[in-house]
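This briefing introduces the salt bridges and internal cavities of the structure shown below. Please keep the structure in view while reading the points that follow.

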Amino acid sequence: MNSSNDHYVAPYDDAVSFDELPDSAPSHKFRLSFTGWLGTIIVVFWTIVAVSGPFIAPFGENELPFPDAYSEFQAPQPGAWLGTDVSDRDILSRIMYGASRTMGISFLATVLAYMIGVVFGIGSAVSSPRVDMILSRINDAFLSLPTIMLGLVVVAAVGSSIPVLILTAGVIYASVIFRLSRSLGMEIKVMDFVEAAQARGEGRWWIITKEIWPNAAMPLLTDFGLRLIYVILFISSLSFLGLGVQPPQADWGSMVRENLGALQYGTSIIPVIAPALAIATLTVGINLIVDDVSAHSGGKLSNRL
Amino acid sequence: MATHLNPEKEKGDAALNKGDVALNDVTLNDVIFETRNLNINAVRGDGSELPIIKSVSFKVRRGEVVALIGESGSGKTTISLSALGYCKPGLKFAGGEALLLGQDVSRMATDDLRPIRGEKVAYLAQSAAATFNPSLRLNEQVTEAPVLHGSKTQAEANAKALELYKALELPSPETIGTRFPHQVSGGQLQRLMAAMALCGDPDLLVLDEPTTALDVTTQIEVLKAFKSVIKEEGAAAIYVTHDLAVVAQIADHIVVLYNGEVKEAGPVDVIINDPQHPYTKKLMNAIKPLPESGQGDDDTSDHLRDDAALKAISVSAGYGVGKDGKPAITVLRDVNVSIERGKTVGIIGESGCGKSTLARVFAGLLPPFEGELKLDGNPLAASLSDRSRDELRKVQFVYQMADTALNPKQRIKHILGRPAQFYGNANGLSVKDQVNKLLEMVELPVQFADRYPHELSGGQKQRVNLARALAANPEVVLCDEVTSALDTIVGANVIELLKRLRRETGVSFVFISHDLSTVASFADEIVVLYAGRVAEQGPVDKVLSPPYHPYTRLLISSVPEPRIGWLEEAVATDEAASGIAGNVELTSVGCPFVSRCPMAIDGVCDTQAPPRRTADQKHLIECHREINELV
Amino acid sequence: MFSLILKRLGVGLITVLAVSMIIFAGTKILPGDAAQIRLGQQATEANVAAMRERLGLDKPFIVQYANWLTNFAKGDLGVSLSSDVPITSLIGDRYKNTLFVSSLTALIGVPISLMLGIMAAMFPGSLYDRILTFVSVSLVAAPEFFTATLLVLLFVFALGIGNAVVVGSTENKGLFELIAHFALPITTLCFVIASQLIRMSRAAVLNVMSSPYIEMAVLKGIPRKRIIFRHALLNAIGPIVNVVALNLAYLVTGVIVVEVYFGYPGLATLIVQGVQTRDFVLIQGLGMIFCLTYVVLMLIADIAAYASNPRLRHPK
């Protein structure tokens, strides 16, 4: 090339029109990573145990596997594969019963929290500023209390039972969902397409159900796993403190508490480690899935913890 | 020419002849930066690669400004960043060379690139607001690169920075460096970024759309500063832009890019005056003609009726809640606009002048606190909630950003079908047929009905956005900067579409834009807003010819022309001298334009509201000067 | 900015009032009557009535609340229902113990976790980052008693150090003896806050690192160290202080389970006892102490967020 011939024209075909380039490459499909798969396997396993546990458990939750040879904290042996607990009950069976109780209570509480939180949160976002402010202030007061302390006060007041636990956890965690769905609602509410619907003359119901909700559903759903973890930890912690599920009913958190003596005597670690491990694997498994999903839906959701 | 030299040999020569200044100068004088068959790939989630930049070759010689021009997605920014040996996350160099002063920066390790970046080559980003660290004082950010590289002491760097602040005509150059980024204006920040880039005396400057986000008046100011500084510093530059008019002012060479390939390259006069490649021709054709009188369509009177379709009478509006029922911030003051049936009213002004506020008042989204609105001669309720469904139908609003204006979770058929269904069906068509008809009207394939907005390109989304307004079968469509976010060619096509729709449907348009050329080519009437007041209004031909309001004159003289030498002429005018550096400020006392006006009368313009003068039938100018003084 | 902080302080004060109301009302709906509980089942009607009058229980709810609040402000937390001892003397040493464990946890746990988190953010995607992320993801979701059990297994059973149960007196012990005595609860709490802190501080720094001005610093050829320590950290300090305060607030919750696990003589074990014995005067007092700590830490977190904003620090 020299300076007299500095003008370069690419070869072209007159038939080709130069259309607008596409905005972005099509998004690739979501695939679970290795840790995501691991999490899924763990969660599926525990779900199966929770659903079928009471039917396939070798013993009843308060049945003694060796009624003729009563002795606490028996070592694992044929007939009681994880040994026995402080009252000589079969640990494996109690874990299986506990699965349905711990997971069932947590799941129902989380669903309840979502129902309350989403209705009030999105409702607050689309309400008049005054209503919104009152609801938000009340919610802020709830949020500024440590959850376990609230739980303690409620349990102290009305005593502990499974419905009380579900209701307490549901209401306490509803405040978190309220804040999340309200901020989502606020974010979506000021989008142009919502204003366009308002300018069209659409009613509030249409705005909430057709414009805001479809856009808030997915972020809320990805948050569900995270909330479930916290509720499981909350319920288990209460049980561990002796204020949750009451004996003789089996529940993972209270199992740790009942058998804590095993650590002191040093006879066997299984009575404590088995239920603790059950909770840990379940929550870690959920978290692994949540992390994977949120990594794909832009920004690690669990960073918002 | 040196291009035939083997680069390895060239490097060796330079090394061998370190003492030989003459030979070194010959090599340096020639090519500063060159890409040879440069390829860059995007790495996708599954590890596969997609070519983004395909075998691009061009050169930048000392003292030369090379413009990379193309639409979004053409790869111009990616290519320009290769001069710094940098790829955005997710991209990688995939062959070819990027030679900066003979070194292939595309193959260098990050640590080896550090001494080169900021010293040999410097980068100016599109948004200065985002590229300055909000927590560090400006001077530290401007001077840190040369100081850290050891090429200057802090004192030398400070002296250089001061020199640059003066050359870039920044206010109070001695102290501006002690401020934080949020304490200076956008135009100033843009110039400070130039100082930051130039502080290390780089051989090559890379400028990535540095004026795109600015108002036309600010753009002139920044362009002027860039041009003189590049000249004085004797640097070479790569200038990335999509705006041919800007290119004509600043570039020596142009490289036209499309889809990561060079389509045409050559000296600026050849490309501007004699483009060869069809794509370049298409780009040139999309440039809007200058805002001169005599452009408006004359065949738009067929739909006229006795009453104006939409009318604003003495409307004042603002935001927030202040004392005695007035808003905390009053934006619009005493605005009168009448939109005749089948006609288009263009609303023009810089950002902050109240253009969008006026549209929101019409749409009922922002009830005015004074004045009234009329639809077809009947009073129209100020607030959305008080309007009947039929009134709502008649006035439709089109948002600037189709991305946020279309619900991402609804298919196109629902987005278009809902208003058609909601407002009732006048012509007996099924909703599906109406959707198809609307898609045809905006020249989109019928199959798009089943798609989601994110599956469409920017221009296509904007067409859907328009079609949604048309679905209501409206009388008036309010278009808020509908072409501003689009590429030149795409935007020009949308304007063509609007013209056709106006002709066929008899719909009236309110067309809001900061771009006078677009408004001039499309509107019948123009309203020039300044700081919420109507500075001038009237038929296009009248507004775009003398007598002018001083602000209109400033706007007209600020529209860049794709003509070499225009910038020098523009900055030489009186309007430019007094007006281009100012900011729009809302005021309740006097004429808001007083601080930027070359003809301001002391003691009058700053204390009294300007009178409304009639220059000609329907042509109004609000100014203290007599009409004959404004010619 | 000061007006903003003042405003936030005002909100904090209102929150404290709201919290006190929730706690007071919550414990008031308890079945049973304080006078009855204190005197026992055998007490006569007249005795109970006299006791009610002495305790002010015959007064209207709002008066009771006001009295309780003013007494609380004066440092009088009332008399325990179950043991007839003033709450303040019940708290005594236990308050010191809890404070000791919490502050040591903060002193050890916070700097280490911040260092780990910031380092992970400096090398995102590296093996170190991925391992640390995996470990903290796992720990953040694991219950405190699981972590505690693992540590007991490791230290007490495998290495033979420390005690599985912390009981006995803490008097006449040197600082190092105390630390050894409390090693396990402190380590457990460190793990509990570390997992959160690592993740959140990493996220805070990464968020800053992905901003355009960091890219600009890279394109200016600024050395890596300076990019991280001057450009990034300066902007990340606010979010990090926020994260630290939030996690110390979280510690308030964590300490309850850990104290009970190790049978540690602190405030948390006391409150659990209070719930079990339905001693709601005790719950009221301790609940307020915990909630106040929590509210103050949240307040610090918010003020840190304001202070980190250069727009607020250097107004136009």
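In chain B, a network of salt bridges links Arg341(B), Asp376(B), Asp390(B), Arg393(B), Lys394(B) and Glu475(B). The model is a predicted one, and over all its chains the salt bridges number 50. Its cavities of 30 Å³ or more come to twelve.

**Salt bridges in chain B**

- Within the network, the side chains of Arg341(B) and Asp376(B) form a salt bridge, with an N to O distance of 2.4 Å.
- This pair connects distant parts of the chain, 35 residues apart: Arg341(B) belongs to the loop between β13 (329-339) and β14 (344-348), and Asp376(B) to the loop between β15 (370-375) and β16 (378-380).
- Arg341(B) has a relative accessible area of 5% and is buried; Asp376(B), at 18%, is also buried.
- A further salt bridge joins Lys355(B) to Glu481(B), whose closest N and O atoms are 3.9 Å apart.
- Because Lys355(B) is in helix α13 (residues 355-363) of chain B and Glu481(B) is in the loop between β18 (476-480) and α19 (488-505), this salt bridge ties together parts that are 126 residues apart in sequence.
- Lys355(B) is buried at 6% relative accessibility, and Glu481(B) is buried at 9%.

**A salt bridge within one helix of chain A**

- Arg227(A) and Asp223(A) are joined through their side chains by a salt bridge of 3.1 Å, N to O.
- Both residues belong to helix α7 (residues 204-240) of chain A, where they are four residues apart, or about one turn of the helix.
- Arg227(A) and Asp223(A) are both buried.

**The largest cavity**

- The largest cavity holds about 170 Å³ of space.
- It is lined by 16 residues, of which Ala196(A), Ala199(A), Arg200(A), Gln396(B) and Phe397(B) are the closest to its centre.
- Two or more lining residues come from each of α6 (192-200) of chain A and β17 (395-398) and α18 (458-471) of chain B.
- By class, eleven of the lining residues are nonpolar, two are polar and three are charged.

**The second largest cavity**

- The second largest cavity contains about 80 Å³ of space.
- Its lining includes Leu233(A) as well as residues of chain C, among them Leu139(C), Glu144(C), Val192(C) and Tyr250(C).
- Helices α6 (127-141), α7 (144-159) and α9 (183-209) of chain C each give two or more residues to this lining, and α9(C) gives the most, with three.
- Seven nonpolar, three polar and one charged residues make up the lining of the second largest cavity.

Definitions and conventions: Residues are numbered from 1 along each chain as its sequence is written. Chains are lettered from A and ligands numbered from 1 in the order in which they are written. This is a predicted model: local features need pLDDT of at least 70, side-chain atom pairs count only at pLDDT 80 or more; totals for chains, interfaces and linings use all residues. Side-chain values use heavy atoms; hydrogens and water are left out. A salt bridge is a side-chain nitrogen of Lys or Arg within 4 Å of a carboxyl oxygen of Asp or Glu. Buried means under 20% relative accessible area, exposed over 50%, partly exposed in between (1.4 Å probe, protein chains only). On a 1 Å grid over the protein atoms alone, a cavity is a set of points where a 1.4 Å probe fits but cannot get out, and a pocket is an open set with protein on both sides within 12 Å along at least five of seven lines; lining residues have an atom within 4 Å of a point. Grid points are joined across faces, edges and corners, and a volume is the space filled by probe spheres set on the points. Ala, Val, Leu, Ile, Met, Phe, Trp, Tyr, Cys and Pro count as nonpolar, Asp, Glu, Lys and Arg as charged, and the others, Gly among them, as polar.
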